Amino acid sequence: MQRSYITNIKLRMKHLLLTTALLLAAVATQAQVQFEWGTASWNIENGRVYENIDDYNADPATLIFPNPTGYTLTFFNIVAVSYDVFIDGSTEAIHTASSKQMGCDVPLTYDFIEGHDYRIVVNEAVLCQANIATRTTDTLSTCTDQYTISFRINGPEIVNEYNYEATMSLAILDQEAELTFSEVDLASICKDLGINDITEAKLIGLNANGSYNKAFTSPDYGYDFFDGWRDADGGYTVWGGGAGGGAYDLVGGHNPYPAVYCIKWNETCDTIKYYFYEYWRDYDPDESGEIPGSGTEIVSVKRQAAPFRAPETSYNSVVMTFVNEDGTTTQLVRNYRVNPGQDYSANFIIKAEQKAVLVHATMHFVASEYDPIVDGIASANKAFRQDKRIFGLSGARQQSLKKGLNIVIDETGTARKILVR
C-alpha cells in the first residue's frame, strides 16, 4: 500500500533520528503546555505574481501557524503540511508535502516551474517529534483545516527548441575513449537569444518535471554535484548512489536513487556527451547466482525500493570474454542499468535576459550495434557442422583472432563475440 505524503515526512524524521549525533542528547521536557494550531495565514497576498523562480525562492509562499500557546518546538520537532498543486487551471492535482523543523512557518518547497499559474490547497498539517527511546516518529497533533493560495511565476520567452540524439551500445567498452556525443549548434542558439557568445547565457539542467535543478542554480552547489547522472525516471542523482548530506536534501528528502545514465555538456557548451552506468568484476562460474551464457545474454531483475515511489530500476549483467596476448582468456561480468531498446532523455534550458531556448537530448541504448552482423553470419553457418570459424565485423573470414571484436562460429553454428585487447 502506498504511503501518504505525511507518512513520508515522518520517515524523513526517522532518518534524522537514526543519523544525527544530536540525538544522543536528551530532549528537554516540555512545559505543561498543549500545542494549538490556531488559524494559519499566508505570508503573501492571493494572486501574487513573481517575476521568475529566483523571485519566488527569495520569498516563497509560506503557511504560518500562530502557535497561540507558545509551545516550544525543539530540534526534534517538525511541522509538515500536505497539499495539492493545480497548474494553469487544471483540475488534476499533484500531491506533495513540505515541512519546517523547529518552527510553524512552512514554506512551499515543491519544484515550481516558471511561466505557470498555481493554485495550492493545503489539506492537512501534522506536528511530529522524534522518539529517542523507540527510534520512531510520534505524531503529537494534527490539523485538518484547509488553506488555499494562488500565485503566478513568470519566466523567459521560449524562442526555440533543439533536439539532439545519439546511440549508445554495449559494444563500446571504454566510454571515454569511444565517446558518444552530439555537436551543439551554438551559433544558432546565440542568434536565437540575441547574444554574441554562449558565456552571456546560463545553462540549467531541468528536473524530470521541468523545474530547474538546484545544482545549476544554488550557490551552495556546482554543476558537477550530480555531473549529469540521472535515475531510471530521469531525475538527477549521483553516480555512486546512496550518498547522504547535501545529496539527501537536493534530491528531495531521500537518498539518491541508483544512477542509470548520464547526459551532460562539456565546459564550452558545444558538445553533449552520453554515458551509461557500468562496473566490471571478475566472472566466477561457480558463484551463487551464476550468470548464464556469454556475449549478449542478459539477466535483468526488476527491483523497487520504498518509500517515495522509487523508480523501477533494472539490474543487468553480461559475461564478456577477452583473449589475452598469451592466448589465454579472461571473463569479466559487466553490470549496467540501462535496458536495450529503451530511450533515455535529459532536458535543459539556456537563458539570456528574457529569452530562452530548450534543448532536448535523447540517448538510444542497444545491446550491440553489431548484433545484425553476428546474426547474419550465424544464420549462414547454421546448416553446416564444421570446425570453429572466425570472422571480422565486415563478415570476412579470418585465420585467427585479431584485436577488436571477433565473431566465432562453433560446430553447431552458434555465434559468440570475443573481444581481443
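How many bridges join strand 1 to strand 3, and do the two run parallel or antiparallel? The views below take that up, along with a few other spots in this predicted model.

**View 1. Strand 1 meets strand 3 (residues 62-64).** Here 2 bridges do the joining, and the two strands run antiparallel. One pairing to look for is Ser41, whose bridge partner in strand 3 is Ile64.

**View 2. An open sheet of 3 strands.** Zooming out a little, the strand order is 1-3-6, with antiparallel pairing. Strand 1 (41-42) and strand 6 (105-107) sit at the edges with a single partner strand each, so each has one side left without a neighbour in the sheet. As a reminder, strands of a sheet pair through backbone hydrogen bonds, in either a parallel or an antiparallel way.

**View 3. The two faces of strand 9 (residues 147-153).** In a regular strand, side chains alternate between the two faces of the sheet. Strand 9 shows just that: Tyr147, Ile149, Phe151 and Ile153 point to one face and are buried. Thr148, Ser150 and Arg152 point to the other face and are not buried.

**View 4. Strand 9 and its pairings with strands 2 and 7.** Strand 2 (residues 48-50) runs parallel to strand 9, and 3 bridges join them. Look for Arg48, which stands opposite Phe151 of strand 9. Strand 7 (residues 116-131) runs antiparallel to strand 9, with 7 bridges between them. Ile120 has Ile149 of strand 9 as its bridge partner.

**View 5. Around Phe112.** Leaving aside residues up to four places away in sequence, Phe112 touches Ile53, Tyr56, Val85, Tyr118, Ile120, Phe151, Ile153 and Ser211. Phe151 and Ile153 will be familiar from the buried face of strand 9.

**View 6. The largest nonpolar core.** This core holds 85 residues, and the ones that touch the most other members are Phe65, Phe112, Phe151 and Ile350. Strand 21 (residues 355-366) contributes the largest share of the core, with 7 residues.

**View 7. The whole chain, for context.** Stepping back, the chain has 6 helices and 25 strands. Of its 421 residues, 45% are buried. Counting contacts between residues at least 6 apart in sequence, 62% link residues at least 24 apart. The chain's accessible surface is about 21300 Å², and carbon and sulfur atoms account for 47% of it.

Technical notes: Residues are numbered from 1 along each chain as its sequence is written. This is a predicted model: local features need pLDDT of at least 70, side-chain atom pairs count only at pLDDT 80 or more; totals for chains, interfaces and linings use all residues. Side-chain values use heavy atoms; hydrogens and water are left out. Helices (H or I, at least four residues) and strands (E, at least two) are DSSP runs, numbered from the N terminus. Buried means under 20% relative accessible area, exposed over 50%, partly exposed in between (1.4 Å probe, protein chains only). Contact means heavy atoms within 4.5 Å. Accessible areas come from the Shrake-Rupley method with a 1.4 Å probe; for residues, only the protein chains shown count as cover. A nonpolar core is a set of buried Ala, Val, Leu, Ile, Met, Phe, Trp, Tyr and Cys residues joined through side-chain atoms within 4.5 Å. Two strands pair if DSSP finds at least two bridges between them.
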